Amino acid sequence: MAAEIVNPRSDIPTPGAAGVNGTDEPFDPAFALHRGGKMAVQSTVPIRDKDDLSLAYTPGVAKVCSAIADQPELVHDYTWKSQVVAVVTDGTAVLGLGDIGPEASLPVMEGKAILFKQFGGVDAVPLALATTDVDEIVDTVVRLAPSFGGVNLEDISAPRCFEIERKLQERLDIPVFHDDQHGTAVVTLAALRNAAKLSGRSLGELRGVISGAGAAGVAIAKFLLEAGIGDVAVADRKGIVSKDRDDLTEVKRELAELTNRAGITGSLETALAGADVFIGVSGGTVPEPAVASMAPGAFVFAMANPNPEVHPEIAHKYASVVATGRSDYPNQINNVLAFPGIFAGALQVRASRITEGMKIAAANALADVVGDELAAEFVCRSRFAARAAPAAPPAGGPAARAEGVARR
């Protein structure tokens with residue numbers, strides 16, 4: 001039996017049976033779990049007496065401070081810097097809730113932090129910033145960076161998230177990783193590799209269609225091309241992102257140059273005709289006839305939460321492999337499979353950044369961990385499967401060394 005988790009701040013009032021905010025809504029256990037927050041700082045050394053205190057704080061700490069001042073790289077050995085990540089948001093794209101602000105984002109950021117610890121052994125600190133200005137966010141994170149070994153950007157709306165990540169990585173020598181982009185892409189590639197293997201095909205034989213040209217859709221498209229997919233087209237609310245459109249943002253213009261080698265124009269439904277892969281990261285609903293028009297043995301990864309773009313019951317009529325973003329269906333494509341291990345691997349070798357090679361290595365490791373259990377309803381392993389936990393960390397280190405970004 002699992003040990004009971006006791007909230008040390010149980011004396012903090014909780015919305016009771018009468019409901020939340022004075023309503024008559026029934027009590028929701030989610031509020032009980034979140035009461036007082038989901039995380040706390042805990043000492044890793046004992047403070048039992050004055051001798052312990054003199055080592056952990058003054059005067060002993062002064063020796064360590066002086067040593068770091070003389071040799072700054074010692075900060076990684078004598079502080080927690082090399083094993084802690086900042087989880088940074090501005091609250092503009094929180095889950096499926098949208099722009100709800102920094103305070104309302106904190107439960108998600110706390111959740112992200114405890115997932116880092118649970119699944120990667122990495123400490124993380126949630127930082128919800130009271131600004132949506134790109135340069136203010138960048139400047140704030142740069143000033144905070146000496147305290148951290150890496151930065152995980154979270155729930156920041158597109159297209160600002162692309163610019164923020166780029167500017168931060170240019171100014172910092174620690175990994176900056178926007179999980180909504182890259183974590184999603186890594187797990188998607190892992191699942192797609194296994195689906196292709198199950199069907200006896202290579203990635204190069206597949207044509208994919210992505211619904212959604214936001215952070216996740218853009219990153220998945222670029223990552224699949226890097227990994228060798230035959231072709232991929234991306235659709236936004238106005239149809240396929242293609243070179244003939246004159247309403248594209250700078251990000252989408254770049255996407256149009258990289259994707260859609262087949263030159264498809266028009267709607268998402270048009271692109272799905274004969275396609276081998278559908279990847280949904282947008283919400284909305286894909287009509288059943290469009291799903292039916294896909295190639296035989298197609299793969300449907302409908303990842304919108306809580307409502308997939310294609311309901312699994314419909315997808316199973318036409319697709320050989322079906323995945324969603326939900327935990328109550330097989331093949332959950334969930335970022336938690338990727339980001340804790342990717343950061344753990346990067347921090348272990350003190351990487352200055354997370355490269356494409358490190359992400360591909362992580363995706364390959366996640367795909368391989370399924371092993372001989374590979375099946376149509378098992379192309380993506382659960383985060384709670386014991387074999388999944390160590391998959392990504394060892395993959396990132398060798399790749400980081402190979403690409404020259406490792407410093408240990």
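## Aromatic pairs

The structure holds 3 aromatic pairs. One of them joins Phe177 and Phe343. Their ring centres lie 5.7 Å apart, and the planes meet at 80 degrees. Planes over 60 degrees apart count as edge-to-face, so this pair is edge-to-face. The model is a predicted one.

The pair links distant parts of the chain. Phe177 sits in strand 4 (residues 176-178). Phe343 belongs to helix 14 (residues 339-348). The two are 166 residues apart. Phe177 is buried, and Phe343 is buried too.

## The ring cluster

Which residues do ring pairs link into a cluster? They are Phe116, Phe177, Phe339 and Phe343. The buried residues Phe177 and Phe343 are thus both described twice here: as an edge-to-face pair and as members of the cluster.

## The second largest pocket

The second largest pocket holds about 460 Å³ of space. It is lined by 19 residues. Closest to its centre are Glu165, Gln181, His182, Glu356 and Lys359.

Several elements give two or more residues to this lining. They are helix 7 (160-171), strand 4, helix 8 (179-198), helix 9 (215-227) and helix 15 (356-368). Strand 4 also carries Phe177 of the aromatic pair. Which helix gives the most to the lining? Helix 9 does, with 5 residues.

## Character of the lining

The lining of the second largest pocket mixes residue types. Of its residues, 8 are nonpolar, 4 are polar and 7 are charged.

Technical notes
Residues numbered from 1 in each chain as written. Predicted model: local features only at pLDDT ≥ 70, side-chain atom pairs only at ≥ 80, totals over all residues. Heavy atoms only, no water. Phe/Tyr/Trp six-rings, centres within 6.5 Å; stacked < 30°, edge-to-face > 60°. Helix = DSSP H or I, 4+ residues; strand = E, 2+ residues; numbered from the N terminus. Buried < 20%, exposed > 50% of the residue type's maximum accessible area, 1.4 Å probe, protein only. 1 Å grid on protein atoms, 1.4 Å probe; cavity = no way out; pocket = protein on both sides within 12 Å on 5 of 7 lines; lining within 4 Å. Points joined across faces, edges and corners; volume = space filled by probe spheres on them. Nonpolar A, V, L, I, M, F, W, Y, C, P; charged D, E, K, R; others polar.
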